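Got your viewer open? Here's a walk through the model, one selection at a time.

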Amino acid sequence: MSRRRQIYEGKAKVLFEGPEPGTLVQYFKDDASAFNDRKKGTITGKGVLNNRISEFIMSRLGELGIQTHFVRRLNMREQLVRQVEIVPLEVVVRNVASGSFATRFGLDEGTLLPRSIIEYYYKNDALDDPMVSEEHVTAFGWATAPELDEIMATALRVNDFLSGLFLGIGIKLVDLTLEFGRLWDNDEMRLVVADEISPDNCRLWDIKTGEKMDKDRFRQDLGQVEEAYQEVARRLGILPEGGPADVKAPKTVQ
Ligand code: ADP
Ligand code: MG
């Protein structure tokens, strides 16, 4: 671990130089943040669970022919990914009104939207990730119009697939946030799904009880945050062997 060069430390993950050129190691931390880092905390075992959950979801997407950055999981907290040039957008797909969206449009939390709605936010902590339109995205050159078409189509495909996947385990996919990256093979560029897909960036509600099973439990101080992440992993059939005990933070960094 300590031999690797650290490329970046974000709010939820650390990126290290990977073993081969063009690869990175994503280390999943237990650190939790919300409201652009104004609220900070730790969710014990989150890194272990998100590493597994993201591995599982990215692998299923790969099987559908949706390309992702994921290569393989290395250990409890790390996965190997292809290094990409990140498109500086948070691509949000919403199925049900919640969070800032419900506030903005004066909708009750839980209102079913007439169709899935895509929003773009410019990834910039200093600016608080402002919402932007396609006009901003193309005019400022964050992505081209054809790239944006592809991003939108892929985001909807991911949303449809994950909605069904979660429905099958009694969970409603309220919304999700995706990041995309550019990957070059010689002269050819492909857009792939990057970053992570986990309860940190999806809103997941239990279908029967309506209970939140995602980072909103942390944002809103609802308690039982670890348990919610564990329950998502358990229902997906991927709770780490040995159960919750495995989910203790191993001291692999430093
Ligand atoms: P942040 O605090 O910026 O959200 P995270 O803790 O989530 O950061 O760390 C992940 C960072 O790595 C993000 O900035 C994300 O855009 C970037 N990233 C994710 N996947 C890749 C990849 N395959 N190649 C390069 N950068 C990536
Ligand atoms: Mg992030």
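Two residues are in contact when heavy atoms of theirs lie within 4.5 Å. Keep that cut-off in mind at the first stop. And one thing before we click: what you're looking at is a predicted model.

**Stop 1: Arg94**

Start by selecting Arg94, which sits in strand β9, residues 89–96. Buried or exposed? Arg94 has a relative accessibility of 4%, so it counts as buried, the cut-off being under 20%. Now show what surrounds it. Leaving out neighbours within four places in sequence, Arg94 is in contact with a long list of residues, including Ser100, Phe101, Arg104, Leu113, Tyr121, Val174, Asp175 and Arg203. Glu119 is also on that list, and the side chains of Arg94 and Glu119 make a polar contact at 2.8 Å.

**Stop 2: the nonpolar cores**

Next, select Leu89, Val91, Tyr120, Val158, Phe166, Leu178 and Ile197 together. In the largest nonpolar core, which has 47 residues, these are the ones that touch the most other members. Zoom in on Phe166: beyond its neighbours within four places in sequence, it contacts Ile57, Ile171, Leu173, Leu204, Val232 and Leu236. There's also a second, separate core of five residues, with Phe16, Val25, Tyr27 and Leu80 among them. As a general note, nonpolar side chains in soluble globular proteins tend to be buried together.

**Stop 3: strand β7 and its partners**

Now pick residues 78–82, which make up strand β7. How many of its five residues are buried? Four are, so the strand is mostly covered. On to its partners:

- Strand β3 (residues 23–28) runs antiparallel to β7, and five bridges join the two. Look for Gln26, which stands opposite Gln79 in β7.
- Strand β6 (residues 70–73) also pairs with β7 in the antiparallel sense, over three bridges. Here Phe70 stands opposite Val81. β6 and β7 form a hairpin, with four residues between them.

**Stop 4: ligand 1**

Select ligand 1 and show its surroundings. You should find 18 residues around it, the closest being Tyr8, Lys11, Ala12, Lys13 and Glu179. Try these distances:

- Tyr8: a polar side-chain atom lies 2.8 Å from an oxygen atom of ligand 1.
- His69: a polar side-chain atom lies 2.8 Å from a nitrogen atom of ligand 1.
- Asp195: a polar backbone atom is 3.2 Å from a nitrogen atom of ligand 1.

How much of ligand 1 does the protein bury? On its own, ligand 1 exposes 550 Å², and the protein buries 89% of that. You've already met two of the strands that help: β3 and β7, along with β2 (13–17), each supply at least two residues of the shell around ligand 1.

**Stop 5: Gly41**

Jump to Gly41 in strand β5, residues 39–42. At 23% relative accessibility, Gly41 counts as partly exposed. Not counting residues up to four places away in sequence, Gly41 touches Asp30, Asp31, Ala32 and Phe218. For a sense of scale, the C-alpha atoms of Gly41 and Leu15 are separated by 20 Å.

**Stop 6: two asparagines in loops**

Finish with Asn36 and Asn186. Asn36 lies in the loop between β4 (31–34) and β5, and has a positive phi of about 45° although it isn't a glycine. Its relative accessibility is 26%, so Asn36 counts as partly exposed. Asn186 is in the loop between β12 (171–185) and β13 (188–194). Phi of Asn186 is positive too, near 55°, and this residue is exposed, with a relative accessible area of 77%.

Definitions and conventions: Residues numbered from 1 in each chain as written. Chains lettered and ligands numbered in written order. Predicted model: local features only at pLDDT ≥ 70, side-chain atom pairs only at ≥ 80, totals over all residues. Heavy atoms only, no water. Core = buried A, V, L, I, M, F, W, Y, C linked by side-chain atoms within 4.5 Å. Buried < 20%, exposed > 50% of the residue type's maximum accessible area, 1.4 Å probe, protein only. Pairing = 2+ DSSP bridges. Near = heavy atom within 4 Å. Polar contact = N/O pair within 3.5 Å; in protein donor to acceptor, adjacent residues only side chain to side chain. Areas by Shrake-Rupley, 256 points an atom, 1.4 Å probe, with all protein chains shown as cover.
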